[in-house]
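These are notes for a colleague who is opening this entry for the first time. Please keep the structure in view while going through the points.

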Amino acid sequence: MEFQSTFSLTTAVLLLLTPVIFLLIIKSRRQKPHHHHHQLPPSPPRLPLIGHLHHLIGKLPHHALTALSKKYGPILHLRLGQVPAVIISSPAAAREVLKSQDPSCADHPDSIGTKITGYDCADLAFSPYGEHWRQMRRICVLELLSARNVRSFGFLRRHEVDRLVDTVRLSAGGPVDLTAAVFSATSATTCRAAFGKVVKGRDTLIKMMREALTMTGGLELADLFPSSKLLSVLCWNRSRLLRMRRRLDRILDVIVEEHRSKKRGEFGGEDIVDVLIRMQENRELQFPITNHNIKAIIFLMRKPVVMEKTQPEIRAAVKGKTSEEEGDAEALRYKLVIKETLRLHPPIPLLPRACREECKTIPIKAKVMVNAWAMARDPKYWDRPEIFWPERFEGSSADFAGSDLQYIPFGGGRRACPGMGFGLATVELTLAQLLYHFEWKMPEGMSVDMAEGEGIAVGRKNGLFVVPTHYDNSIAI
Ligand code: HEM
């Protein structure tokens with residue numbers, strides 16, 4: 001789903017590759033037409049060969065798709081190059097895809113990016129739905145992401161957030177790239193929980209995680225024209241990804257080997273990598289675990305916990321100084337602020353699905369994109385949706401578990417995020433500590449830039465530079 005970068009590039013590429021396109025048109029004319037019996041949803045006007053790609057050029061895909069849905073309806077059928085896609089933008093239709101029809105639509109689409117950095121989709125997030133996925137998910141939840149583990153990793157979270165506070169303190173008075181600092185701290189928390197205190201290569205790994213997140217989107221031209229071998233060879237991100245994979249291999253091989261020889265995690269017991277190695281060696285599982293599975297799972301822990309809107313609005317909403325130990329009322333305010341932030345900025349605005357079984361309105365193998373971003377800003381369900389207003393959640397039934405489909409920042413159905421508890425615990429502590437220890441203001445003459453970046457997980461386009469001043473807690477009210 002790396003639409004953003006690919007579509008800004010698409011314009012240039014379409015021009016450069018006109019001869020290739022010309023050949024593809026001739027080839028596609030020679031192919032016999034497919035006869036299918038779907039009652040396809042409405043479709044905007046499309047062009048030969050590129051289908052509906054032109055509707056997306058130059059825009060962020062979730063924005064472009066929202067505009068199309070407003071015009072043509074909440075269930076859209078598109079053709080992105082050669083790939084059929086169905087876009088879902090209403091809670092009723094999302095319920096069908098994520099809940100009622102869930103097993104039929106529970107695949108995740110693959111792409112050049114996920115194949116290369118996900119070790120041929122050997123990780124959990126991109127592996128096809130089925131017994132193998134179920135086994136991996138069970139292990140990840142049981143060994144890392146369960147409520148018990150989230151609690152037991154509290155000290156680790158605390159340690160990484162303390163380090164973050166120290167880093168920020170060192171720069172007090174001058175601008176700090178808070179996005180980078182928070183990304184590094186939250187990735188370090190998940191990395192340490194998953195595979196211990198790896199010092200060597202950790203920063204490089206975290207940097208690569210960031211890079212991979214922007215490159216594993218799935219709308220490379222080669223992804224859109226899968227039948228073209230030429231485009232697959234010409235895909236320039238492919239060589240970048242392959243180079244990244246080689247660097248990644250070197251770091252992950254060391255982590256795996258260290259675990260094989262030590263056979264125990266940072267905290268004395270087993271971490272998830274130890275568990276996977278034990279299961280691999282004892283052949284305990286129905287689906288044998290390969291080294292690729294282990295490396296893919298380690299890399300999966302790249303998942304950063306995004307705090308998108310750390311800025312004066314949040315300070316205003318959380319009024320006053322608090323520590324995370326303070327009363328329920330304050331804790332509730334944090335929760336409301338985080339809820340509202342995740343409404344306006346769901347980190348995965350387009351939930352990816354692929355249809356694995358024939359169904360009435362969705363062609364088999366079609367990409368299905370549930371536009372969580374559109375539903376979270378639809379005036380049909382939200383009062384003044386564009387305004388950051390945490391109090392809207394006071395007394396509201398919308399929870400993170402996806403009961404109300406207009407609010408699904410952690411997704412829904414079988415493929416919903418298993419790291420929700422882990423992620424929220426980290427975000428809450430980080431936010432509380434950064435607000436407790438510092439006053440924040442924008443650098444002189446700068447305003448808050450909320451431009452969105454590219455990639456499967458949409459974060460900020462540019463780092464948030466803010467100026468912290470140390471806050472003397474001894475005079476706190
Ligand atoms: C605030 C933090 C987080 C948010 C907002 C978030 C959001 C999401 C979303 C929207 C999805 C896609 C769900 C769907 O398609 O229905 C997802 C999937 C996933 N998330 Fe998270 N996530 C967060 C933190 C984490 C953490 C900390 C981890 C693990 C360390 C994690 C692991 C995963 C995995 C493994 C999947 C794929 C699940 C599957 O395909 O079966 N997430 N997340």
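1. A residue counts as buried here when its relative accessible area is under 20%, as exposed when that area is over 50%, and as partly exposed in between. Cys140, at 1% relative accessibility, is therefore buried. The model is a predicted one, and the values below are computed from it.

2. The ligand is a good place to begin. It is surrounded by 24 residues, and the closest of them are Trp133, Arg137, Arg353, Arg415 and Cys417. Sorted by class, this shell is made up of 15 nonpolar, 5 polar and 4 charged residues.

3. Oxygen atoms of the ligand have polar partners in the protein. A polar side-chain atom of Trp133 is 2.8 Å from a ligand oxygen, and one of Arg415 is 2.9 Å from a ligand oxygen. With Gly412 the atom concerned is a backbone N or O, at 3.1 Å from an oxygen atom of the ligand. Two elements, α6 (131-145) and β4 (350-354), are the ones that give two or more residues to the shell. The largest share is that of α6, which gives 3 residues.

4. Which protein atom is a donor of the iron atom of the ligand? The only one is the SG atom of Cys417, at 2.3 Å. Cys417 is placed in the loop between α18 (372-376) and α19 (420-437).

5. The cysteines form no disulfide: the count for the structure is 0. A disulfide is a covalent bond between the sulfur atoms of two cysteines, and the cut-off used here is a pair of cysteine sulfur atoms within 2.5 Å. Why is Cys140 not bonded to the closest cysteine sulfur? That sulfur belongs to Cys417 and is 11 Å from the sulfur of Cys140, so the two are too far apart for a bond. Cys191 is in a similar position, because the closest cysteine sulfur, that of Cys140, is 14 Å away and too far for a bond. Cys191 is also buried, with a relative accessible area of 1%.

6. Helix α8 covers residues 154-170, which makes 17 residues. From first C-alpha to last it reaches 25 Å, close to the 24 Å expected at 1.5 Å a residue. Its buried residues are Leu156, Arg157, Glu160, Val161, Leu164, Val165 and Val168. Leu156, in this helix, has a relative accessible area of 0%. The C-alpha of Leu156 is 9.5 Å from that of Ala188, although the two residues are 32 apart along the chain.

7. Helix α9 covers residues 178-195 and has 18 residues. Its reach from first C-alpha to last is 25 Å, close to the 26 Å expected at 1.5 Å a residue. Is α9 largely enclosed by the rest of the structure or largely open? Since 16 of its 18 residues are buried, α9 is largely enclosed. At the start of the helix, a side-chain oxygen of Asp177 comes to within 3.2 Å of the backbone nitrogen of Thr179. After the helix comes Gly196, with a positive phi near 85°.

8. Positive phi values also occur in residues that are not glycine. Leu49 has a phi near 65° and sits in the loop between α2 (18-30) and α3 (61-72). Its relative accessible area is 18%, so Leu49 counts as buried. Arg384 has a positive phi of about 40° and belongs to the loop between α18 and α19. Arg384 counts as partly exposed because its relative accessible area is 46%.

9. The loop between α2 and α3 also holds His52. Is His52 buried or exposed? At 0% relative accessibility, it counts as buried. Which side chain does the side chain of His52 contact? The partner is Ser43, in a polar contact of 3.4 Å between the two side chains.

10. Two points deserve a second look in the viewer. One is Cys417, whose SG is the only protein donor of the iron atom. The other is α9, where 16 of 18 residues are buried.

How values were computed: Residues are numbered from 1 along each chain as its sequence is written. This is a predicted model: local features need pLDDT of at least 70, side-chain atom pairs count only at pLDDT 80 or more; totals for chains, interfaces and linings use all residues. Side-chain values use heavy atoms; hydrogens and water are left out. Helices (H or I, at least four residues) and strands (E, at least two) are DSSP runs, numbered from the N terminus. The expected span of a helix is 1.5 Å times one less than its number of residues. Buried means under 20% relative accessible area, exposed over 50%, partly exposed in between (1.4 Å probe, protein chains only). A residue is near a molecule or strand if one of its heavy atoms lies within 4 Å of it. A polar contact is a pair of N or O atoms within 3.5 Å; within protein, one must be able to donate a hydrogen and the other to accept it, and residues adjacent in sequence count only if both atoms are side-chain atoms. Ala, Val, Leu, Ile, Met, Phe, Trp, Tyr, Cys and Pro count as nonpolar, Asp, Glu, Lys and Arg as charged, and the others, Gly among them, as polar. Donors are N, O and S atoms within 2.8 Å of the metal (3.2 Å for Na, K and Ca); water is not among the atoms, so sites may look incomplete.
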